[in-house]
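Thank you all for coming. I would like to walk you through one protein model this morning, slowly and element by element, so please have the display open in front of you.

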Amino acid sequence: MCYINSQLPEFKVNAYRKDKGFIQVSNEDLKGKWSILFFYPGDFTFVCPTELADLADHYAEFQALGVDIYSVSTDSHFVHKAWADATETIRKIEYTMLADMTFELSKALGVLGEESGQAYRGTFLFNPDGELKIAEIHDNGIGRDASELLRKVKAAKFVYEHPGQVCPAKWKEGDATLTPSIDLVGKL
């Protein structure tokens, strides 16, 4: 079970990254950075490529914010590469694709579908201190929107960088924030 403000779990997995080939990634690689773990059920499927392509289309914006993205499925790193080689949609991905073949990460973050051996659609944002700040889990038929995730990441970063401030519903970068106080009670 994942909880907000819990620490990034320890892990070490194989991965594929277009510019580096096969690599290993561990929790140590995420320390000191904003990191998104973006779980999806499987390569060569239906909704998954639409989500991963959407993330790829917004990747430069996440990078400009200092945020690393790691897509995660229970497929092998070999399958990730084969998918990128076979599919134009996946070929454009610049972020790292993690292979959670032992289910270590999927179990640690509570997204493993035990019956299927696949992860549910889980999105987790960890801050540079390794604390979980965003956790969402969707059923596998429900795709996610990278622009909405980007908005939430900007809010999480704002709150991290401005202690004592909070972001109201539908907050966008540049909008007014709130300073929680007794003076606001019953006035919003």
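What follows is a short tour of a hairpin, an annotated cysteine, a pocket and a few individual residues.

Let me say at the start that this is a predicted model, in which local features need pLDDT of at least 70 and side-chain atom pairs count only at pLDDT 80 or more, while totals for chains, interfaces and linings use all residues. Residues are numbered from 1 along each chain as its sequence is written, and side-chain values use heavy atoms, with hydrogens and water left out.

I begin with the hairpin. Helices (H or I, at least four residues) and strands (E, at least two) are DSSP runs, numbered from the N terminus, and two strands pair if DSSP finds at least two bridges between them. Strand E1, residues 12-17, pairs with strand E2, residues 21-26, in the antiparallel sense over 6 bridges, and a hairpin of 3 residues joins E1 to E2. Within this pairing, Val13 has Val25 in E2 as its bridge partner.

Val25 also brings us to the largest pocket, since Val25 is among its lining residues, together with others including Arg17, Lys20, Tyr59 and Thr96. A pocket here is found on a 1 Å grid over the protein atoms alone, as an open set of points where a 1.4 Å probe fits, with protein on both sides within 12 Å along at least five of seven lines, and lining residues have an atom within 4 Å of a point. The space in this pocket is about 160 Å³, where grid points are joined across faces, edges and corners and the volume is the space filled by probe spheres set on the points. E2 and strand E4, residues 67-73, each supply at least two residues of the lining.

Which residue does UniProt list for "active site"? The unreviewed entry lists Cys48, and I would add that such annotations may be inferred rather than shown by experiment, with positions given in the numbering used here and feature names shortened. Cys48 is found in helix H2, residues 47-64, and it counts as buried because its relative accessible area is 0%, where buried means under 20%, exposed over 50%, and partly exposed in between, with a 1.4 Å probe and protein chains only. Leaving aside neighbours within four places in sequence, Cys48 is in contact (heavy atoms within 4.5 Å) with Tyr40, Pro41, Gly42, Trp83 and Arg121.

Further along helix H2 we come to Phe62, which is also buried, with a relative accessible area of 0%. Beyond four places in sequence, Phe62 touches Ile36, Leu55, Val67, Ile69, Ala146, Leu149, Leu150 and Val153. Phe62 and Leu150 are 88 residues apart along the chain, yet their C-alpha atoms are separated by 6.9 Å.

Let me close with two residues of unusual backbone angle. Most residues other than glycine have a negative phi. Asn5, in the segment before E1, has a positive phi of about 75° although it is not a glycine, and at 41% relative accessibility it counts as partly exposed. Phe44, in the loop between strand E3, residues 34-39, and H2, has a positive phi of about 55°, and at 47% relative accessibility Phe44 counts as partly exposed.
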